[in-house]
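Trainee: Please pick one part of this model and take me through it closely. I would like to follow it step by step, with the terms explained as they come up.

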Amino acid sequence: MTTLTSAKKPRLTTSAMIASIAAEGQKTVAAPFGHALVKEAAKRPEIVGMTADLSKYTDLHIFGQAYPERHFQMGMAEQLLMGAAGGMAKEGMMPFATTYAVFATRRAYDFIHQVIAEENLNVKICAALPGLTTGYGPSHQATEDIALMRGIPGLTIVDPCDALDTEQAVAAIAAHQGPVYMRLLRGKVPLVLDEYDYQFELGKAKLLRDGRDVLLISSGIMTMRALESAKVLAGENVDVAVLHVPTIKPLDEAALIQHCGRPGRLVVVAENHSAVGGLGEAVATTLLRAQICPAFRQIALPDEFLAAGALPTLHDRYGISTESMVAAIKRWLT
């Protein structure tokens, strides 16, 4: 396992494991998931919180402090976690089951598929460290989680951008009847969408800014990067639109067809996920079926096992940093 370093940047003082991607001086909100779940649980006594020895690292400990009698620690047993969550849902409870995305998707996949999804049980799986948000290498990097979960019938998939998106998504998925997989942003989570009059709606994409030259379609943390890239490119007379797609499944195909059908723009899908099986391929399939064929590019993680190292270095190396995105878009426009 190769650890990466960079001579061009100051020595990093943070751990490779740290999950926050907030830039220095950026607005953040502490533990938006945990606090939103506490707020929602006050209105919904059926909500229970469950985890596989990771309460502190998924921010579920905040819920546990508020509702200790509704907090269940299942130990290092993700298959048991999902099986028990399904059982509780059958008894009328609404489990919010939290763990790391790699453990939820790769280790407990069959239990989610057979116990939860096949019976359409009301379980909300909230999975931390999605995509490349940890530097611990392939054992912890859930770069293929969306591809895996997209294949499960009836499973709703949510990929929030920031703290506001996460807070609003918690209420929305609690109101939704059926199983949900939500990528979880934890710790000090950036706050960016408050500047865009944003409101999360399950199953709906949102145009955050318009532009004549490029349409950036993004989900999760890549929407934050897309907005940053659009601001940088505006200084170089490149007008960039940003379409945020927080719900990966069901996909807002009508919005995609509407915005991608506008002629003369480069369409770029940006995702914190493997180039295989994620948002990019879902968008491309939607457009092809609708016989819409714009100039199309994809910003995504490569189809390989990624290296370990500090997150800024890894994001530069694998093309999902703001600087890398700007350089790629400029190259594609020439």
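Mentor: Start with one pair of residues: Thr156 stands opposite Val180 in S8. Keep in mind that this is a predicted model, where local features need pLDDT of at least 70, side-chain atom pairs count only at pLDDT 80 or more, and totals for chains, interfaces and linings use all residues. Numbering starts from 1 along each chain as its sequence is written, and side-chain values use heavy atoms, with hydrogens and water left out.

Thr156 and Val180 belong to a wider pairing. Strand S7 (residues 156-158) and strand S8 (residues 180-184) run in the parallel sense and share three bridges. Two strands count as paired if DSSP finds at least two bridges between them. The labels are DSSP runs numbered from the N terminus: helices are H or I with at least four residues, strands are E with at least two.

Now step back to the whole sheet. It is open, has seven strands and mixes its pairing. The order is S4-S3-S5-S6-S8-S7-S13. Strands S4 (71-73) and S13 (247-249) are at the edges. Each has a single partner strand, so one side of each has no neighbour in the sheet. On average, neighbouring strands are turned by 20° against each other, direction ignored. For such angles, axes are lines fitted to C-alpha atoms, for helices over the stretch in contact, and values run from 0 to 180 degrees between N-to-C directions.

Go next to S5 (94-100). Seven of its seven residues are buried, so S5 is largely enclosed by the rest of the structure. Buried means under 20% relative accessible area, exposed over 50%, partly exposed in between (1.4 Å probe, protein chains only).

What does S5 pair with? One partner is strand S3 (residues 47-51), joined in the parallel sense over five bridges. There, Met50 stands opposite Ala97 of S5. Another partner is S6, which runs parallel to S5 and is also joined to it by five bridges. Find Phe96 and look across to S6: its bridge partner is Lys124. Tyr100 has Ala128 of S6 as its bridge partner.

S6 (124-128) is the next stop. It is mostly covered, with five of its five residues buried. Its side chains split between two directions: Lys124, Cys126 and Ala128 point one way, Ile125 and Ala127 the other. All of them are buried. Note that this includes Lys124.

From S6, move on to S8. The two run parallel and are joined by five bridges. Ala128 appears again here, with Leu184 of S8 as its bridge partner. Ala128 is therefore bridged to Tyr100 as well as to Leu184, by the DSSP bridges that define pairing.

Finally, look at what covers this region. Helix H8 (residues 163-175) lies across S5, S6, S7 and S8. The helix runs at about 170° to S8.

One last residue lies in another helix. Thr223 is in helix H9 (residues 221-234) and is buried, with a relative accessible area of 0%. Leaving aside residues up to four places away in sequence, Thr223 touches Cys161, Leu208, Ser218, Val242 and His244 (contact means heavy atoms within 4.5 Å). The C-alpha atoms of Thr223 and Pro160 are separated by 9.0 Å, though the two residues are 63 apart along the chain.
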